[in-house]
Amino acid sequence: MAQILQGDLVAREVLDSVSQRVSRLSDTNGVDACLAVVLVGHDPASEIYVRRKQKAARSVGIRSLEYRLDEETSQQGLLDLVHKLNADPAVHGILVQLPLPSHIAGDVILGAIAPQKDVDGFHPVNVGRLSTGAGGGLVPCTPLGCVMLLERVIDDFRGLKAVVIGKSNIVGKPAALLLLDRECTVTVTHIHTRGLPDIARSADIIIAAAGSPRLVRGDWVKPGAVVIDVGINRIALEDGTSAIVGDVALDECDHAAVITPVPKGVGPMTIACLLKNTVHAAEAMARAREPAVQ
Ligand SMILES: Nc1nc2c(c(=O)[nH]1)N[C@@H](CN(C=O)c1ccc(C(=O)N[C@@H](CCC(=O)O)C(=O)O)cc1)CN2
């Protein structure tokens with residue numbers, strides 16, 4: 001029987017640690033960690049995620065500011081808000097919920113966020129730090145959550161074969177970089193990859209982030225593999241209701257060593273890592289303001 005690795009339980013532990021850091025920062029430096037959350041338009045899923053982020057922020061003592069902009073907001077209007085938040089010393093983290101409406105260039109907006117406040121880790125400076133292994137940058141939340149889950153069950157990553165399914169900037173590419181950093185041999189696959197089942201079957205670690213319900217079947221998974229399911233797919237059921245399923249057919253993966261469920265797997269880790277990044281950003285800014293010791 002595969003071990004089901006409950007991300008919601010690990011996320012709770014991460015949040016407890018964030019909560020302690022937030023209190024310490026307030027007591028020692030008089031700094032109240034603050035996250036600005038920006039939502040453009042009314043995408044129902046984004047509304048839910050933003051609400052969850054704010055609730056989780058409040059639960060760990062992080063002040064959360066909400067900016068809701070009209071679907072028709074211009075790119076310049078959104079840029080003006082980002083510049084205002086960049087300049088506000090009371091704001092430590094800025095998050096622009098994705099996806100953005102199609103008339104707004106996401107890369108322009110994400111590139112305008114001050115790298116030290118980029119708690120999503122999407123700014124080119126943070127992406128560059130991650131790719132060069134330079135460290136010190138903010139790391140995208142979902143891949144960070146995946147690796148933190150893997151670290152719960154794997155002591156030594158060196159030489160393990162990892163297959164990342166999906167090459168998005170938000171998950172697939174940064175997840176591959178984080179695994180490379182841990183000395184895995186990494187294969188990134190995508191929609192044009194040939195022979196995906198065979199490639200997946202060679203993996204000690206699978207990170208499935210394709211956005212395709214139950215893409216990874218039981219016979220794609222090597223016995224003893226560790227499987228992280230990033231997919232969140234809403235599917236219609238025959239009785240007219242709907243359900244959320246991952247990218248992995250979990251019921252066919254008893255022979256895996258460890259597998260994450262959907263829901264309550266990677267999703268809650270994404271939110272916990274966002275708040276971990278926020279307190280990290282607030283601590284770094286507080287340090288930068290301290291007078292230098294002679
Ligand atoms: N600016 C960002 N936008 C988006 C990101 C992101 O990291 N930064 N990621 C996704 C959405 N997302 C966070 O924003 C997110 C998705 C899902 C979950 C989650 O907890 N899911 C639940 C299941 C879903 C449900 O119950 O509705 C789970 O897995 O248990 C959290 C965050 C795109 N946009």
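Two residues count as being in contact here if their C-beta atoms, placed from the backbone, lie within 7 Å. Keep that cut-off in mind as you click through this predicted model.

**Stop 1: α2 against α9**

Start by selecting R52, K53, A56 and A57 in α2, then add I271, L274 and L275 in α9; these are the residues through which the two helices meet. Sorted by class, this contact holds 5 nonpolar and 2 charged residues, with no polar ones.

Now show the whole of both helices and look at how they cross. The axes of α2 and α9 come within 10 Å and cross at roughly 55 degrees. That angle makes α2 oblique to α9. As for the hand of the crossing, it is right-handed for α2 and α9.

**Stop 2: the two domains**

Next, color the protein by domain. The domain assignment gives domain 1 as residues 29-116 and domain 2 as residues 141-267. The C-alpha centres of domain 1 and domain 2 are 28 Å apart.

**Stop 3: the ligand**

Where does the ligand lie with respect to domain 1 and domain 2? Both domains give residues to the shell around the ligand, so the ligand lies between them. Select the shell and you will have 19 residues, of which the closest are Y49, L98, P263, G267 and T270. The elements that give two or more residues to this shell are α2 (44-59), β4 (93-96), α6 (141-153) and α9 (266-289). Highlight α9 in particular, since you have already visited this helix: the largest share of the shell, 4 residues, comes from α9. Coloring the shell by class gives 12 nonpolar, 5 polar and 2 charged residues.

**Stop 4: two cis peptide bonds**

Stay with L98 and P263, which are both among the residues closest to the ligand. Zoom in on L98 and step to P99: the two are joined by a cis peptide bond, with omega about 5 degrees. P99 sits in the loop between β4 and α4 (106-112).

Then go to P263 and select V262 with it. A cis peptide bond joins V262 and P263 as well, and here omega is about -5 degrees. For P263, the setting is the loop between β11 (258-259) and α9. These bonds are worth a look because most peptide bonds are trans.

**Stop 5: α6 against α7**

Return to α6, one of the elements that give two or more residues to the ligand shell, and show it together with α7 (residues 172-181). At what angle do α6 and α7 pack? The angle is about 40 degrees, and the axes of α6 and α7 are 8 Å apart. That makes α6 oblique to α7, and α6 passes α7 in a right-handed crossing.

To see the contact itself, select P143, C146 and V147 in α6, which meet P174, A175 and L178 in α7. The residues of this contact comprise 6 nonpolar, no polar and no charged.

**Stop 6: E183**

Finish by following the chain from α7 into the loop that leads to β6 (185-189), where you will find E183. Its phi is near 70 degrees, a positive value in a residue other than glycine. Most residues other than glycine have a negative phi.

Notes
Residues are numbered from 1 along each chain as its sequence is written. This is a predicted model: local features need pLDDT of at least 70, side-chain atom pairs count only at pLDDT 80 or more; totals for chains, interfaces and linings use all residues. A residue is near a molecule or strand if its C-beta atom, placed from the backbone, lies within 6 Å of it. Ala, Val, Leu, Ile, Met, Phe, Trp, Tyr, Cys and Pro count as nonpolar, Asp, Glu, Lys and Arg as charged, and the others, Gly among them, as polar. Domain bounds come from an automatic or database domain assignment. Axes are lines fitted to C-alpha atoms, for helices over the stretch in contact, and angles run from 0 to 180 degrees between N-to-C directions. Angles under 35 degrees count as roughly parallel, over 145 as roughly antiparallel, 65 to 115 as roughly perpendicular and the rest as oblique. A crossing is left-handed if the near helix is turned anticlockwise from the far one by less than a right angle, and right-handed if clockwise.
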